[in-house]
Amino acid sequence: LPVRWPEGAVASSGSRALEGGADASFFARAEVAADVGASDGGSSDDADYAMDLVQTRTCRIVADGAGGADATTYRVLAPVFDMINHSDLPNAEFLYWNGHDGETPSLVVRAIGAVADGEEIKISYGGEGATSPPWRCLLNYGFVAEGGAGEVGEVALEGFAQRFEVGPEEVPYELVVAVYDLLEGKKIGCDATEVDTSGEVSLTPEVAEHI
């Protein structure tokens with residue numbers, strides 16, 4: 001996990017989002033580890049290791065059939081199930097089966113499409129916020145998934161402190177505005193922390209080519 005990396009390693013990644021997330025995680029975990037270690041007579045290192053296990057071996061699931069605002073999300077640590085790998089394009093889902101007609105509630109892995117003979121079963125560990133964008137997957141689970149819709153790149157523009165995440169099929173409006181301003185000479189030489197998106201800017205051929 002990035003929170004365990006040597007000092008300076010996270011900063012050298014060039015991802016401000018990852019750096020900020022790792023810093024927040026470090027201080028939050030340090031407080032919890034100290035409290036837990038003191039309460040059960042163990043060391044803070046033991047508590048920190050336990051949190052590593054919980055963080056990297058759990059995934060988020062919803063109750064079967066639930067949806068919309070009423071859906072209940074669970075963060076589950078389930079032996080054996082936790083050995084199933086993650087994919088941004090999973091071929092199965094991991095869910096909590098409430099049990100119907102007297103059936104016992106269960107944790108279930110269910111195919112969501114055709115699965116070829118010998119194909120590895122993969123699930124999603126939680127989608128956006130947990131594994132997407134990729135820096136969140138690295139922060140939460142210690143790896144970056146290969147391929148899939150969640151694969152994005154982080155773009156830095158000279159003169160801008162803000163960085164922009166670009167996906168395979170879309171770019172953020174803030175980046176369009178920033179490049180437009182850059183080509184117009186409005187932001188060159190200044191260190192704007194946020195892009196002003198109050199006006200309307202079109203994605204012109206010149207802006208698209210620059211991006």
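**A guided tour of the predicted model**

The protein chain contains 6 helices and 8 strands. The model is a predicted one. Colour the chain by secondary structure and follow it from the N terminus: the order of elements is α-α-α-β-β-β-β-β-β-α-β-β-α-α.

Next, display the surface of the whole chain. The exposed area is about 12800 Å², of which carbon and sulfur atoms supply 51%. Of the 211 residues, 31% are buried. If contacts are drawn between residues at least 6 apart in sequence, 51% of them join residues at least 24 apart.

Now select residues 173-184, which form helix α5. The end C-alpha atoms of α5 are 17 Å apart, which agrees with the 16 Å that 12 residues should span at 1.5 Å a residue. Show the side chains of Leu175, Val176, Val177, Ala178, Val179, Asp181 and Leu182, which are buried in α5. To see what covers them, add β7 (153-156), β8 (163-166) and α6 (205-210), against which the buried residues of α5 pack. Then step to Gly185, which follows α5 and has a positive phi, near 80°.

Keep α5 in view and turn to the largest nonpolar core, which has 13 residues. Select Leu157, Phe160, Phe164, Leu175, Ala178, Val179 and Val195, the members that touch the most other members. Both β8 and α5 supply at least two residues each to this core, and α5 provides the largest share, 6 residues. Another core, of 10 residues, lies apart from this one; select Cys59, Ile61, Phe94 and Tyr125, which are among its members. In soluble globular proteins, nonpolar side chains tend to be buried together.

Notes
Residues are numbered from 1 along each chain as its sequence is written. This is a predicted model: local features need pLDDT of at least 70, side-chain atom pairs count only at pLDDT 80 or more; totals for chains, interfaces and linings use all residues. Side-chain values use heavy atoms; hydrogens and water are left out. Helices (H or I, at least four residues) and strands (E, at least two) are DSSP runs, numbered from the N terminus. Buried means under 20% relative accessible area, exposed over 50%, partly exposed in between (1.4 Å probe, protein chains only). Contact means heavy atoms within 4.5 Å. Accessible areas come from the Shrake-Rupley method with a 1.4 Å probe; for residues, only the protein chains shown count as cover. The expected span of a helix is 1.5 Å times one less than its number of residues. A nonpolar core is a set of buried Ala, Val, Leu, Ile, Met, Phe, Trp, Tyr and Cys residues joined through side-chain atoms within 4.5 Å.
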